[in-house]
Amino acid sequence: MSTESHDETAVPADAATAVKTHPLATAPVAGPPTSVDGFVKEFLRELNFGQGVTLAQSTVNDQYLALARTVRHYLMARWLETSRRQFEQQTKGVAYLSAEYLLGRQLGNALLATDLTEVVEDGLRSLGIDLATLRSQEVEPGLGNGGLGRLAACFIDSLATMGVPCIGYGIRYEYGIFRQTFVDDQQVEQPDGWLALGAPWEFPHPEQAQLIGFGGHTETYDDEGVTRTRWVPAWDVKALPYNYMVPGYLNGRVNTLRLWRAVATDAFDLKIFNAGDFEEAVRSQTFAENISKVLYPEDSTPQGKELRLQQQYFFVAASIKNFVYDVLPEGFDLHELPERIIFQLNDTHPVIGVPELMRVLVDEKKMDWDEAWAITKQCFAYTCHTLLPEALEVWSVDLLGRLLPRHLEIIYRINDEFLAEVREKFGDDELRIRRMSIIQEYPARAVRMAYLATVAGAKVNGVAELHSQLLREKVLPDFDEFYPGKFTNVTNGVTPRRFLRLANPALSELITETIGVGWITDLERLRELEPYAEDEEFRARFAAIKAHNKRRANAVLLERDGFTVPDDHMVDVMVKRLHEYKRQLLKVLHIVTLYDRIVSGEVAAADVTPRTFIFGAKAAAGYAMAKRIIHLINAVGSTVNADPRVEGRLKVLFPPNYNVTLAEKVIPAADLSEQISLAGKEASGTGNMKFALNGALTIGTDDGANVEIRELVGDENFFLFGMSEPEVQALQDAGYRPSAFYESDPTLRRAIDLIASGAFSGGDRSTFEPVVSNLLHQDRFMVLADFASYIAEQDRVDVAYGDQEQWTRSAILNVARTGFFSSDRSMVDYIDRIWHTPPVR
Ligand SMILES: *Cc1c(COP(=O)(O)O)cnc(C)c1O
């Protein structure tokens, strides 16, 4: 009898051995034939046997689900083969730990990765089904808030395409980011039941569930003369993995994204059931399952809620357990862990993984503390995503100690040893010690997760050059001094597959026709387009594609919201989360200024460049000011759109529920990309990159990755305005008084007065009073200070747009020169500077 089957499952040992030794056990799994006929057969099988309906009976949803499952068949052989090889080779890989993955729709990307789009289109057509209809049936998994979650999705796409072993780990939220609707111009949040119509892309593996403990206490015991600690949790939940395919582009690779779902443990239930308390059993079940119930809709403003910490520990502990106990082969020497894996921390959300790995190594694997710490320090790297002090996550010692008592002990010891090292290097500089302590004392004792990540991380990176510089100089300067060489930069990127090839098929075709297909996996090759900026025929085709994309966006917005985008308008787009630092208010003040110029008669309507402004933005449900700003944008839109004096000149559209699906339609239609955050506040931005790659010109501040975009495309192809970061700092230090700008700038005064007068709120002056008064008396993000510069630059935009040939030239150069912003390049930088995980054949 085999010795390796002792802990398998319920299958009898000899039967399990028979299964493993059967000739078919190791035979490669083949995908179905890729002919149109082969596809049709496979699709009908799924429809009949998977979905349980005939073609005649089937609904669009049946057809979509059957199609998704059919496409999975084509990916399956690659997935199994990728997993098998990675297990055999045991080379170093990445475990990307992220609380968010904003994936977008899966079907189009899966078809692209397998080159099946045409086969499927033809096959479905032969059955009288339109592929586009089925594609729009898919509900995107909105398991992220915005840029941070989308970045994770772009990164795992790139790693799969480059053949780098990676497991993405996260949470399978039952409800993702809320669905936004507007009622009376105000945001109303609806639950996002993305699973309601079926989830054809996921593979649950309940048999691989992990038990995750919470609460309780720690105790010490004698282990053959060594005093050890064990944690005795008070309650636990089961973490069930759901696997998702992450297909590489046309390379036969499929990596895995593993998202965890929380369910109550049987033992917990059973005890209470047996005690006869049915209600309590159900309550405990609900309590456990709350953990993966809903994504916190806060972006950049953590709330310190207990459930959030539960979520964080839940998915990180499940992932580390999964990796250490299931992914690694039996008998793996954990001293070699750093040669086998790097856990990349996407912001501070997964940082609790640091004490968790220490706990596993020291308490469970009985490793010596120093040895375990030496290993742990090499196994983590940390990406910081912010510069806003309020966005740096802290957990109160009370809460952490109650929920994770052993982890708090471990954090204290890490901190003690770290501060001892600091003393050794810098002497007893108490101020410095207090500044650098992982434990913050005021206003309440709390664990600074970014500090813990910095102490534990082999590397710490910012997400754009400017951000990484400010991170070292302003956010973590003591740490930069203490750890020379630890800080590095990796500028963000976006996947060219989704954001150019899929989102902009017309431009993609023109590019491929002009320079070949290589750009899809080597985006720097877009450089070869540069000479075509001078080619009149190419420019005409490029401009025609932009016009085509505007009509396409128009069709989508008409269908979804009843909006129309006039053919002859400049399309001016600001889509991103609603946050004061991103300054949607500055955009509103520009629109109000243009409106005021026309209605006051200062400028003839006929002399104003026609523009359609498109906004997309969700506000965190609890972020009152952000919601007021949404209200204001809608109110200004309602007034402007209904006023015959500006008809045909100004139009404001705010389609609700901005998400990846909408981004894919709106961005390719844009002429002008609004990237207008206050300098020093936007870490990178990735929306800015998507726009430039799709041939929009940017109006932007010297902030985040805007700096690098401008350097690459050239000053003459970028509309720069506003204060630089040092100027912001200087104004701050001098004592910023927004009212001074209001008083001295008549244009600004008129715009603000118009809002204050109730012109956009049916005469009610109180509606937007909080917005106005915040601008005049606080204006944390210096909207008023940058207003004049913004308006002046927008006037230059109008002039520039008047010369369409020149505009198109600039747009082409934006595409040709921004190949740097491929997430493939970001991955190369991570691999070179942080991970050292080369691609595997
Ligand atoms: C790219 C993207 C973002 C990030 O946009 P920024 O302008 O960088 O803030 C947010 N949401 C969605 C849906 C995106 O696709």
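Student: Leu471 sits in helix 18, residues 465-475; why is Leu471 called buried?

Tutor: In this predicted model, Leu471 has a relative accessible area of 1%, and since buried means under 20%, the residue falls in that class. Leaving aside neighbours within four places in sequence, Leu471 is in contact with Cys384, Thr386, Leu387, Val460, Asn461, Gly462, Leu476 and Pro477.

Student: How far apart are the C-alpha atoms of Leu471 and Asp733?

Tutor: They are separated by 19 Å, with the two positions 262 residues apart along the chain.

Student: What makes Val164 count as buried, given that it lies in a loop between helix 7 (147-162) and strand 4 (166-171)?

Tutor: The relative accessibility of Val164 is 0%, which is under the 20% limit for buried residues, so Val164 belongs there although it lies in a loop. Not counting residues up to four places away in sequence, Val164 touches Val94, Leu159, Asn255, Ile831, Thr837 and Pro839. Val164 and Arg406, for their part, are 242 residues apart in sequence and 35 Å apart in space, C-alpha to C-alpha.

Student: How do you know whether Asn109, in helix 4 (residues 107-114), is buried or exposed?

Tutor: Its relative accessible area is 11%, and because the limit for buried is under 20%, Asn109 is classed as buried. Beyond the residues up to four places away in sequence, Asn109 touches Asp157, Pro247, Arg497, Arg498 and Leu502.

Student: Which residues does helix 4 meet in helix 3, and how is the packing of the two described?

Tutor: The axes of helix 3 (residues 60-89) and helix 4 are 10 Å apart, and the helices pack at an angle of about 40°; the crossing is left-handed. From helix 3, the residues Tyr64, Leu67, Val71, Tyr74, Leu75 and Arg78 meet Leu107, Ala110, Leu111, Ala113 and Thr114 of helix 4. Sorted by class, that contact has nine nonpolar, one polar and one charged residues.

Student: What makes helix 30 (residues 746-756) and helix 31 (residues 769-777) roughly antiparallel?

Tutor: Their axes come within 9 Å and cross at roughly 150°, and because angles over 145 degrees count as roughly antiparallel, helix 30 is roughly antiparallel to helix 31. Helix 30 passes helix 31 in a left-handed crossing. On the side of helix 30 the contact is made by Ile752, Ile755 and Ala756, and on the side of helix 31 by Val772, Leu775 and Leu776. By class, the contact of helix 30 with helix 31 has six nonpolar residues, with no polar and no charged ones.

Student: Which residues have the most contacts inside the largest nonpolar core?

Tutor: They are Leu67, Phe214 and Phe314, in a core of 151 residues, to which helix 10 (residues 306-327) gives the most, with 11 residues. Apart from this core lies another, of 106 residues, among them Leu678, Leu697, Ala816 and Phe821. As for Leu67, the residues it touches, not counting those up to four places away in sequence, are Phe39, Phe43, Leu107, Val120, Leu124, Leu131 and Leu134.

Student: Why is Asp185 called partly exposed, whereas Glu224 is called exposed?

Tutor: Asp185 has a relative accessible area of 25%, and because partly exposed covers what is neither under 20% nor over 50%, it takes that name. Glu224 has 78%, and since exposed means over 50%, Glu224 is exposed.

Student: What is the phi of each of these residues?

Tutor: Phi of Asp185 is near 70° and phi of Glu224 is near 50°, each a positive value in a residue other than glycine. Most residues other than glycine have a negative phi. Asp185 lies in the loop between strand 5 (179-183) and strand 6 (186-190), and Glu224 in the loop between strand 9 (217-223) and strand 10 (226-232).

Student: How do you know that the peptide bond from Tyr442 to Pro443 is cis?

Tutor: The omega of that bond is near 0°, and Pro443 is placed in the loop between strand 16 (439-440) and strand 17 (446-448).

Student: Why is Arg551, in helix 22 (residues 536-561), called partly exposed?

Tutor: Its relative accessible area is 43%, and because that lies between the limits of 20% and 50%, Arg551 is partly exposed. Arg551 and Pro566 are 15 residues apart in sequence, and their C-alpha atoms are 8.6 Å apart in space.

Notes:
Residues numbered from 1 in each chain as written. Predicted model: local features only at pLDDT ≥ 70, side-chain atom pairs only at ≥ 80, totals over all residues. Heavy atoms only, no water. Core = buried A, V, L, I, M, F, W, Y, C linked by side-chain atoms within 4.5 Å. Buried < 20%, exposed > 50% of the residue type's maximum accessible area, 1.4 Å probe, protein only. Helix = DSSP H or I, 4+ residues; strand = E, 2+ residues; numbered from the N terminus. Contact = heavy atoms within 4.5 Å. Axes fitted to C-alpha atoms, helices over the stretch in contact; angles between N-to-C directions. Parallel < 35°, antiparallel > 145°, perpendicular 65-115°, else oblique. Left-handed = near helix turned anticlockwise from the far one by under 90°. Nonpolar A, V, L, I, M, F, W, Y, C, P; charged D, E, K, R; others polar.
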